[in-house]
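Student: I have a model open and want to go through it with you. Can we start with where the chains meet?
Tutor: Fine, put it up.

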Amino acid sequence: MSDINPALETFSQEVDELLAAMEEALLGLEGTPDDADCINSIFRAMHTIKGSSGLFGFDDVVAFTHEAETVLDRVRNGERAIDAELVSVLLACKDHTAQIIQHFLFNEDEPLPESLHQQSRALIAQLTGQSAAVGGMPSTQEEKADHFEVDDNTTDSSDNWVISLAFKQNALRNGMDPLSFIRYLQTLGKINEVIITMPTLPRIEDMDPEDCYLNFKIAFSSNADKRTIEDVFEFAEDDCDITILPPNSRQEHYLQLLADLPEDQVKRLGEMLIEIGALTEKEVAHTLNEQCADDNLDTKPLGEMLVDKNILQQPVVEQALKKQEAVKQKVNKESNYIRVDAAKLGYLINLVGELVISGAAMRLMVDKHGLSDVDDVASTMSHLVEDIRDTALQLRMVQIGETFTRFQRVVHDVSKELGKQIQLQITGGESELDKTVVEKINDPLTHLVRNSLDHGIETPAERLRAGKPEKGTIQLNAYHDSGRIVIQISDDGKGLDPEKIVAKAVAKGLVKQDQVLSKSEIYHLIFEPGLSTKEEASNLSGRGVGMDVVKRNIEALRGSVSVDSELGQGTTVTIHLPLTLAIIDGFMVEAQKERYIIPLSMVEECVEMNSDEWQIDDTQHYVNLRGQVLPYLRLGDFFHKNKKHTHTQRESLVVVRFGEAKAGFVVDELHGENQTVIKPLGKLFENLNGIGGATVLGSGDVALILDVQGLIQHAKKQVNPTLALSSSV
Amino acid sequence: MNQLIHKQENKTELMAQDQLRQYLTFQAGNENLAISILDVKEIIEINTITDVPMTPDYIRGVINLRGNVVPVIDLSARLGRQSSEITKRSCIVLVQVEYKEDAQLLGMLVDAVDEILEIPEANIMPPPDFGADIRTDFIQSMGRVGDEFIILLNINRVLSIKELSQLKQVADYESGNASKEASFSALN
């Protein structure tokens, strides 16, 4: 990206966003085929890309998007119905547009390769050819159908266009024939009634046979839009005052259109009304002229004049004004967003991290020297630093919804490929988490969703046989739970078969034939390398690589993953992740002169270890905590086995909770809460379980951050190596 | 120590060809060793080294280097000898090793840093096939200084991240804690 100029970079970003919006809208259309919002947004994407590409002289992009835009315009005008096929072609168009733009971004001066040209042509043919075949015939039928419908409704006189034609006196002299216009009007619809008025008719002796005294009021029913109707009288413009009042049913249509108008920029009232077709340009120009010509001091606003002149109904104008106001507000709000380079943000977060550390160092010095007057200032500052930390971290928080919606496309494509009917339900998309986490969770999520699509959901025939609805459902859900985010991927497919998994695991030598495993232990086996229960590998999944990678990726984010399943009912994969990777609230403890940080969100309580009340000896590693068995680890002993330890008189038990399980850590001293800036330990400690990272204390020393879950698993393995697999907790 | 660093900086202005033949000599496990000066980033004195539990002996711990956490390898232990005792003369030599196209900063705990030597190309010999009690692949070559030979270490082998992070499990082995692999092979 570095070798393209900034304008192009902005362009490429804009294109990315537009195409993403377009894809989302296209997929949205699958559910609600005539959602005007969606259609508009697709049209807008193509239209804007066309415009911007023109600026940079990317003629091939312009040519291609122009075709797509034309088709979309027809869709927008209701001339062409959206169907699954068209959606697919448009999705392909979207991808293709991205491709050719990429080509130009990186090889600006090179012409488009022939392969891309061919693809362009093929897609255009698909777009337009289809429109001839699918759109051509039925659309005329449709028109006819509509026509009859209108005929049926003619009894409702309120549903007519009301066209007033006030011919000027010399209309006939100028070669106008009012009747010919009215006759021509009939080609557009049905004239239900014509009222002829003669307001200027002079006395018979003053009448000039060559003058025209007739005014017409025509009740007209048609599906044509205002512009088309106005065009009928194009030649009469100079000799006739024309007002065209839309029918009442149109009024609702206009209101609807107004509501659907894109809210990207503030437009003038006239422009808005033209855009929805309620007004024509001529009418606006005319009215504005009149407004200017009126020397009267209290000129009426355009809206009022339009209503007065009977060009538009009051509600439409009111709605338009309201809309204008709303757009103004929204645009104001949008201009408050600033695009920031992620690297700059990362740098800021780093600095804040350093600030937190130096704040702690200052705190230490203040306490050490007992400077009571500095104390106040110091505590004010640490409050501020805390606020800065929170705000800085908030900057990186993004909603997970966008990541989720991306899977609509995956589900759409894959289900088509597999011949399955699958819908994706998304809940909790507004849950926020750190951008880096979101980025890194994308791959594991994709894998899990694909797994569900491929292995989980059955074919429609199988589903019907199993008494399930033909259409399978995959659910993506996210919610916050005790300082972590939980992401669930569930499907209502065939579920995991424990026997198959065990058989496979035995075949692979992962477990012994006679080993007794609990259900959750069995399910957890699927995260072992080389285990796939699918007999045949497809191009999606099934090669048995993946689930172990998924697990590793998630654990690299200090998260955990678990599976639950019911044979024949479906599978749920649950992922627990930390909200952020940069700073956590930590709880500092000391064991054998080394300091350790336990993530505060995992600390349940701290209890004093009283050797009188608690029967602790070296053989037994659990205590009775209010009637419950609580296993514990003596941190000092566990970490430094080979050294002799002297236990201090007062030890404390820190009770930690992870998921549903609880455990205790015995430590020598508690140092309380502190803000912990997580420093990565680096590649060297990649394989180290139980230590999640390190932090620099105010004193300049390094303290290690415990990975509670990893530590407990590590301890479990040591107690009973054969249980190494049952790492699920 | 500062003198050493100054020396190093002055020499950087010399021709690259000359630099190729400059080596930093130091002691680890009662042996004179050297590495190419181009591998050395910095030499620092020892402050506090925080022990990292559940790691083999040759991983001495981590230090705070201007806000970054850097692992420290006990060179003597890594070469299969006793763990170093920290004395007044102990130093940490910071080196950078490549791993998966990433550079990783590592500290190397040595007993003492001696000097920077220029060894002419002619005095550099291939390593002996056997005889040295250091793994042969750790030795890049032998340098003759006067009547003695100094082992020139291949730092990317000695401090190979891939190996260091792998060997951790062997160490687990040794201390009697069966690793995952161990349990699997036991089951078979």
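Student: How many salt bridges does the rule find across the interface of chain A and chain B?
Tutor: Zero salt bridges are found across the interface of chain A and chain B. Keep in mind that this is a predicted model.

Student: And how many residue pairs in polar contact across that interface?
Tutor: The rule finds three residue pairs in polar contact across the interface of chain A and chain B, with both residues at pLDDT 80 or more.

Student: Which elements of chain A supply the side that touches chain B?
Tutor: Strand S13 (594–599), helix H21 (635–639), strand S20 (691–696), strand S21 (702–706) and helix H22 (708–719) of chain A each supply at least two residues of that side. By type, the residues on the side of chain A that touches chain B are 18 nonpolar, nine polar and eight charged.

Student: What area is buried between chain A and chain B?
Tutor: About 3,000 Å², and carbon and sulfur atoms give 65% of that area. In residues, 35 of chain A are in contact with 32 of chain B.

Student: Back to salt bridges. What's the count over all chains?
Tutor: The rule gives 26 salt bridges over all chains. One of them joins the side chains of A:Arg363 and A:Asp375, at 2.6 Å from N to O.

Student: Which helices are A:Arg363 and A:Asp375 in?
Tutor: A:Arg363 is in helix H13 (residues 342–369) of chain A and A:Asp375 is in helix H14 (residues 372–395) of chain A, so the pair ties together parts twelve residues apart in sequence. A:Arg363 is partly exposed at 26% relative accessibility, and A:Asp375 is partly exposed at 28%.

Student: What about A:Arg634 and A:Glu651, are they buried or exposed?
Tutor: Both A:Arg634 and A:Glu651 are buried. Their side chains meet in a salt bridge, 2.8 Å from N to O. A:Arg634 lies in strand S16 (residues 628–634) of chain A and A:Glu651 in strand S17 of chain A, so this salt bridge ties together parts that are 17 residues apart in sequence.

Student: Who's next to A:Glu651 in that strand? I clicked on A:Ser652; where is A:Ser652 found?
Tutor: A:Ser652 is in strand S17 (residues 651–658) of chain A. A:Ser652 has a relative accessible area of 11%, so it counts as buried.

Student: What is A:Ser652 in contact with, leaving aside neighbours within four places in sequence?
Tutor: A:Ser652 is then in contact with A:Val607, A:Glu608, A:Met609, A:Phe665, A:Val666, A:Val667 and A:Leu670.

Student: Which residues of chain A are linked in a network of salt bridges?
Tutor: A:Glu23, A:Lys94, A:Asp95, A:Arg409 and A:Asp413 are linked in such a network.

Student: Over to chain B. Which side chain does B:Arg157 meet in a salt bridge?
Tutor: B:Arg157 meets the side chain of B:Asp137, at 2.6 Å from N to O. B:Arg157 is in helix H4 (residues 155–158) of chain B, while B:Asp137 is in the loop between strand S9 (124–125) and strand S10 (139–145) of chain B, so the pair ties together parts 20 residues apart in sequence. B:Arg157 is partly exposed, with a relative accessible area of 33%, and B:Asp137 is partly exposed at 28%.

Student: How many helices and strands in chain B?
Tutor: Chain B has six helices and eleven strands. Of its 188 residues, 49% are buried. Among contacts in chain B with a separation of 6 or more, 56% come from residues 24 or more positions apart.

Student: Backbone now. What's phi for B:Met54?
Tutor: Phi of B:Met54 is near 65 degrees, which is positive in a residue other than glycine. Most residues other than glycine have a negative phi. B:Met54 lies in the loop between strand S3 (40–45) and strand S4 (59–65) of chain B, and it is buried at 13% relative accessibility.

Student: And A:Lys593, is it buried or exposed?
Tutor: A:Lys593 is exposed, at 74% relative accessibility. A:Lys593 also has a positive phi, about 70 degrees, and is not a glycine. A:Lys593 is in the loop between strand S12 (583–591) and S13 of chain A.

Student: Last one: how many disulfides over all chains?
Tutor: Zero. As for individual cysteines, A:Cys606 is partly exposed at 34% relative accessible area, whereas B:Cys91 is buried at 2%.

Technical notes: Residues numbered from 1 in each chain as written. Chains lettered and ligands numbered in written order. Heavy atoms only, no water. Contact = heavy atoms within 4.5 Å. Buried area = accessible area lost by both parts, 1.4 Å probe. Salt bridge = Lys/Arg side-chain N within 4 Å of Asp/Glu carboxyl O. Polar contact = N/O pair within 3.5 Å; in protein donor to acceptor, adjacent residues only side chain to side chain. Helix = DSSP H or I, 4+ residues; strand = E, 2+ residues; numbered from the N terminus. Nonpolar A, V, L, I, M, F, W, Y, C, P; charged D, E, K, R; others polar. Disulfide = S-S within 2.5 Å. Buried < 20%, exposed > 50% of the residue type's maximum accessible area, 1.4 Å probe, protein only.
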